[in-house]
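Student: I have a new structure open and would like to go through it piece by piece. Can we start with one loop and work outwards?

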Amino acid sequence: AGAQVVHTTVCGMGHYGGMAALEEVAVALKIGFDIDIGIKYEKLCELAKAVELFTNIRMQPHKAIVGEQAFVKSEEIKDINALINADKGGLHKKWFPFLPEFVGNRSRVLMAEKVTQEAVKYNLSELGIEATDQNIEEILTRVKAITRKQRRVISDEEFKTIIQAVV
């Protein structure tokens, strides 16, 4: 009794709509039912990015599991401090059913209109980048200029471009 086979595609992209997303099915089976389907879960984000590159179809930033905003918290100080002080197995579980690293993703703080120095510092540390206080202030100024003018969240690529211009 039960299913023997599940047909999936990466990010649900296929030659017709309604395909089940491999990453969602695989993680649900592993986390929810402890069924390991024999894949390298930590490569799911990398795989999704490759499909995005090869198909030239941009994945939604908030796409479950593999989207760049799948493990995002608001730019509020309490959330940033909680992330900074979190032990990876404890507090993260309060917000997410599994750690972002499990699927090759990472947690990040939203870069939106109310962005703070703490948010910039946290995202820099997640990227492994060190910056001076002056650099952080300049990055913050540029991020706020974009988010206020265009009234939207900036992407990781935009954030990295700003960093490269400043640091």
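Tutor: Fine. Cys-11 is found in the loop between β1 (8–9) and β2 (20–21). Keep in mind that this is a predicted model.

Student: What is phi of Cys-11 near?

Tutor: Phi of Cys-11 is near 60°, which is a positive value in a residue other than glycine.

Student: Is Cys-11 buried or exposed?

Tutor: Cys-11 is buried, with a relative accessible area of 12%.

Student: OK, cysteines then. How many disulfides does the count come to?

Tutor: The count comes to 0 disulfides. Cys-11 is in no disulfide, and the nearest cysteine sulfur, that of Cys-45, is 8.9 Å away.

Student: Why no bond from the Cys-45 side?

Tutor: The closest cysteine sulfur to that of Cys-45 is in Cys-11, and at 8.9 Å it is too far for a bond. A disulfide needs the two sulfur atoms within 2.5 Å, so this pair does not qualify.

Student: And Cys-45, buried or exposed?

Tutor: Cys-45 is buried, with a relative accessible area of 7%.

Student: Back to phi. Where is Ile-65, and what is its phi near?

Tutor: Ile-65 lies in the loop between α2 and β3 (72–73). Its phi is near 75°, again a positive value in a residue other than glycine. Ile-65 counts as buried, at 11% relative accessibility.

Student: Let me zoom out. How many helices and strands are there?

Tutor: The secondary structure comes to 7 helices and 4 strands. Along the sequence the pattern reads β-β-α-α-β-α-α-β-α-α-α.

Student: What percentage of the residues count as buried?

Tutor: Of the 167 residues of the protein, 37% count as buried.

Student: And what share of the contacts is between residues 24 or more positions apart?

Tutor: Taking contacts with a separation of 6 or more, 56% are between residues 24 or more positions apart.

Student: New topic, aromatics. How many aromatic pairs does a search of the whole structure find?

Tutor: The search finds 3 aromatic pairs. One of them is Tyr-41 with Phe-102: the ring centres are 5.0 Å apart and the planes are at 20°, so the pair is stacked.

Student: Where do Tyr-41 and Phe-102 sit in the chain?

Tutor: Tyr-41 is in the loop between α1 (22–33) and α2 (44–55), and Phe-102 is in the loop between α4 (91–95) and β4 (108–109). They are 61 residues apart, so the stacked pair links distant parts of the chain.

Student: How does each of those two count for accessibility?

Tutor: Tyr-41 counts as buried, at 4% relative accessibility. Phe-102 counts as partly exposed, at 25%.

Student: What kind of pair do Phe-98 and Phe-102 form?

Tutor: Phe-98 and Phe-102 form an edge-to-face pair, with 5.9 Å centre to centre and 70° between the planes. Phe-98 is buried, with a relative accessible area of 7%.

Student: Which residues do the ring pairs link into a cluster?

Tutor: Tyr-41, Phe-71, Phe-98 and Phe-102 are linked into a cluster by ring pairs.

Student: Next, Thr-147. Which helix is it in?

Tutor: Thr-147 is in helix α6, residues 133–150. At 0% relative accessibility, Thr-147 counts as buried.

Student: What does the side chain of Thr-147 reach?

Tutor: The side chain of Thr-147 reaches the backbone oxygen of Lys-144, at 3.2 Å.

Student: And leaving aside neighbours within four places in sequence, what is Thr-147 in contact with?

Tutor: Those contacts are Met-111, Ala-112, Glu-113, Arg-152 and Ile-154.

Student: Last topic, empty space inside. How many cavities of 30 Å³ or more?

Tutor: The count comes to 2 cavities of 30 Å³ or more. The largest has a volume of about 110 Å³.

Student: Which residues are closest to the centre of the largest cavity?

Tutor: Of the 14 residues that line the largest cavity, the closest to its centre are Arg-108, Val-109, Met-111, Ile-154 and Asp-156. Met-111 and Ile-154 also came up as contacts of Thr-147.

Student: Which elements give two or more residues to that lining?

Tutor: Those elements are β4 and α7 (156–166).

Technical notes
Residues are numbered from 1 along each chain as its sequence is written. This is a predicted model: local features need pLDDT of at least 70, side-chain atom pairs count only at pLDDT 80 or more; totals for chains, interfaces and linings use all residues. Side-chain values use heavy atoms; hydrogens and water are left out. Buried means under 20% relative accessible area, exposed over 50%, partly exposed in between (1.4 Å probe, protein chains only). Rings of Phe, Tyr and Trp (its six-membered ring) pair if their centres lie within 6.5 Å; planes under 30 degrees apart count as stacked, over 60 as edge-to-face and the rest as tilted. A polar contact is a pair of N or O atoms within 3.5 Å; within protein, one must be able to donate a hydrogen and the other to accept it, and residues adjacent in sequence count only if both atoms are side-chain atoms. Contact means heavy atoms within 4.5 Å. On a 1 Å grid over the protein atoms alone, a cavity is a set of points where a 1.4 Å probe fits but cannot get out, and a pocket is an open set with protein on both sides within 12 Å along at least five of seven lines; lining residues have an atom within 4 Å of a point. Grid points are joined across faces, edges and corners, and a volume is the space filled by probe spheres set on the points.
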